[in-house]
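Trainee: I have not looked at this structure before. Could we go through it by question and answer?

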Amino acid sequence: MKDQNCAYCMRGDLLDAFGIYICELSVSTLILFKEQSHPGRCVVAYKDHVSELTDLSDGDRNAFFADVARASRAIHAAFHPDKVNYGAYGDTGCHLHFHLVPKYRDGFEWGGVFEMNPGLKTLPPEGYEEMIQKIKDNL
């Protein structure tokens with residue numbers, strides 16, 4: 001099922017506003033968040049337009065969390081954060097997704113909750129391409 005107003009379902013301009021498609025995982029899509037105040041920040045979005053973890057079968061939920069773990073391992077290997085924070089929101093978008101937010105002891109917002117979109121750091125196209133390749137190399 002797809003929602004015509006959902007960036008994770010429709011991609012294109014809706015997704016391009018905040019993210020860059022990286023690849024498909026087993027039951028989800030991996031997306032690089034354009035705002036990179038936390039180097040390596042990504043989103044793992046479930047393949048279908050569901051709102052809650054409780055909307056998934058046990059098998060699909062386990063596969064989704066395996067995708068989240070796989071993406072997190074790739075982020076750890078590529079960017080060496082001290083911690084990855086995980087956020088699952090969707091009050092308005094209602095598409096099941098997790099934000100994977102690398103945190104660094106000497107970096108932005110260490111010790112606090114990450115801001116959804118601080119708007120402090122974007123990269124030139126080649127910077128995003130390099131980050132995406134590092135993640136892909138470690139998947």
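**Two helices, a pocket and two loops**

Mentor: On the side of helix α4 away from its buried residues, Pro 125, Glu 126, Glu 129 and Asp 137 are exposed. Keep in mind that this is a predicted model.

Trainee: Which residues of α4 are buried?

Mentor: Buried means under 20% relative accessible area. In α4, the residues that count as buried are Gly 127, Tyr 128, Met 131, Ile 132 and Ile 135.

Trainee: What arc do the buried residues of α4 cover around the axis?

Mentor: An α-helix has 3.6 residues a turn, so residues three or four places apart point the same way. The buried residues of α4 are Gly 127, Tyr 128, Met 131, Ile 132 and Ile 135. They lie on the same side of α4, because the arc they cover around the axis is only 130°.

Trainee: Which elements do the buried residues of α4 pack against?

Mentor: Contact here means heavy atoms within 4.5 Å. The partners of the buried residues of α4 are three strands and a helix: β1 (19–24), β2 (28–33), β3 (42–46) and α3 (58–79).

Trainee: How far does α4 reach from its first C-alpha to its last?

Mentor: Helix α4 runs over residues 125–137, which makes 13 residues. At 1.5 Å a residue the expected value is 18 Å, and α4 comes close to this with a reach of 18 Å.

Trainee: And how far does α3 reach from its first C-alpha to its last?

Mentor: Helix α3 has 22 residues, for which 32 Å is expected at 1.5 Å a residue. The model comes close to this, with α3 reaching 31 Å.

Trainee: Within what arc do the buried residues of α3 fall?

Mentor: The buried residues of α3 are Phe 64, Asp 67, Val 68, Ala 71, Ser 72, Ala 74, Ile 75, Ala 78 and Phe 79. On the other side of α3, Asp 58 and Arg 73 are exposed. The buried residues line one face of the helix, because seen down the axis of α3 they fall within an arc of 160°.

Trainee: Which elements do the buried residues of α3 pack against?

Mentor: Helix α4 is a partner here, as the buried residues of α3 pack against it. They also pack against strands, and the full list is β2, β3, β4, β5 and α4.

Trainee: Which residue with a positive phi follows α3?

Mentor: The loop to look at lies between α3 and β4 (83–87). The residue there has a phi near 55°, a positive value in a residue other than glycine. At 59% relative accessibility it counts as exposed. The residue that follows α3 is His 80.

Trainee: Where is Arg 11, and is it buried, partly exposed or exposed?

Mentor: Phi of Arg 11 is also positive, near 60°. Arg 11 sits in the loop between α1 and α2 (12–16). With a relative accessible area of 29%, Arg 11 is partly exposed.

Trainee: Which residues lie nearest the centre of the largest pocket?

Mentor: The largest pocket holds about 240 Å³ of space. Two elements, α1 (7–10) and β5 (97–103), give two or more residues to its lining. The lining has 15 residues, and those nearest the centre are Tyr 8, Gly 90, Thr 92, Gly 93 and His 97.

Trainee: How many residues of that lining are nonpolar, polar and charged?

Mentor: Gly counts as polar in this division. The lining of the largest pocket divides into 6 nonpolar, 7 polar and 2 charged residues.

Notes
Residues are numbered from 1 along each chain as its sequence is written. This is a predicted model: local features need pLDDT of at least 70, side-chain atom pairs count only at pLDDT 80 or more; totals for chains, interfaces and linings use all residues. Side-chain values use heavy atoms; hydrogens and water are left out. On a 1 Å grid over the protein atoms alone, a cavity is a set of points where a 1.4 Å probe fits but cannot get out, and a pocket is an open set with protein on both sides within 12 Å along at least five of seven lines; lining residues have an atom within 4 Å of a point. Grid points are joined across faces, edges and corners, and a volume is the space filled by probe spheres set on the points. Helices (H or I, at least four residues) and strands (E, at least two) are DSSP runs, numbered from the N terminus. The expected span of a helix is 1.5 Å times one less than its number of residues. Buried means under 20% relative accessible area, exposed over 50%, partly exposed in between (1.4 Å probe, protein chains only). The arc is that of the directions from the helix axis to the C-beta atoms.
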